[in-house]
Amino acid sequence: MSIRSTILATAITFAALGASHGAAQARGLRPIEAQSIHLGDVSGVAYYTVEPDGYRVVTTLAQGEAGTPVRFVSVLAPGQRALLSTPDQAGAVEISRNGDSVTVRKSGTLSN
């Protein structure tokens, strides 16, 4: 199975579970609901599950059709966030947790 097919199959699986893809604005997620992420020519999906130690956020990204997928996993406590960016893009995607809510949104320019 190709990398693109793997990512597509993952997205379809989560779509069948009630996911809504393509939102560029801030949007709250529900557990196991996937959202598409786009950072220039790098794209993929993110979802989370509720775990005893926090919300486990899983993001899988690949560059184009032939890129090797990369999985990024983080556990967010209330008030924490994860930023995803690429060197070629001025902005980023922010995945944040506020209480029992997880939001995915485009973020502005990153600074060091």
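1. Read along the sequence, the protein chain of this predicted model follows the pattern α-β-β-β-β-β-β-β-β, which amounts to one helix and eight strands. Of the 112 residues in the chain, 38% are buried. Among the contacts that join residues at least 6 apart in sequence, 28% link residues at least 24 apart.

2. A good place to begin is strand β3, which covers residues 42–51. Seven of its 10 residues are buried, so this strand is largely enclosed by the rest of the structure.

3. On one side of the pairing pattern, strand β2 (residues 35–39) is joined to β3 by five bridges, and the two strands run antiparallel. Within this pair, glutamine 35 has alanine 46 of β3 as its bridge partner. The hairpin of β2 and β3 has two residues between the strands, and in this hairpin glycine 40 takes a positive phi near 65 degrees.

4. Strand β3 also pairs with strand β4 (residues 54–63), again in the antiparallel sense, this time over 10 bridges. Here glycine 44 stands opposite leucine 61 in β4, and the hairpin that joins β3 to β4 passes through two residues.

5. Which residues have the most contacts inside the largest nonpolar core? They are Ile37, Leu39, Tyr48, Ile95 and Val102, in a core that has 15 residues. At least two residues of this core are supplied by each of β2, β3, β4, β7 and β8, the last of these being residues 101–107.

6. Leucine 39, one of the core residues just named, deserves a separate look. Setting aside residues up to four places away in sequence, leucine 39 touches Leu84, Ser85, Thr86, Gln89, Gly91, Ala92 and Val93.

7. Arginine 97, which lies in strand β7 (residues 92–98), calls for some care on the reader's part. What is the nearest side chain of opposite charge to this buried residue? It is aspartate 100, 4.0 Å away, and arginine 97 has no salt bridge even though it is buried. A polar atom of the arginine 97 side chain does, however, lie 2.8 Å from the backbone oxygen of leucine 76.

8. The surroundings of arginine 97 can be listed further, leaving aside its neighbours within four places in sequence. Arginine 97 is in contact with Gly54, Tyr55, Leu76, Ala77, Pro78, Gly79, Gln80 and Val102. Among these, Leu76 is the residue whose backbone oxygen was mentioned in the previous point, while Val102 is one of the residues with the most contacts inside the largest nonpolar core.

Methods. Residues are numbered from 1 along each chain as its sequence is written. This is a predicted model: local features need pLDDT of at least 70, side-chain atom pairs count only at pLDDT 80 or more; totals for chains, interfaces and linings use all residues. Side-chain values use heavy atoms; hydrogens and water are left out. Helices (H or I, at least four residues) and strands (E, at least two) are DSSP runs, numbered from the N terminus. Buried means under 20% relative accessible area, exposed over 50%, partly exposed in between (1.4 Å probe, protein chains only). Lys and Arg count as positive and Asp and Glu as negative; His and the chain ends are not counted. A polar contact is a pair of N or O atoms within 3.5 Å; within protein, one must be able to donate a hydrogen and the other to accept it, and residues adjacent in sequence count only if both atoms are side-chain atoms. Contact means heavy atoms within 4.5 Å. Two strands pair if DSSP finds at least two bridges between them. A nonpolar core is a set of buried Ala, Val, Leu, Ile, Met, Phe, Trp, Tyr and Cys residues joined through side-chain atoms within 4.5 Å.
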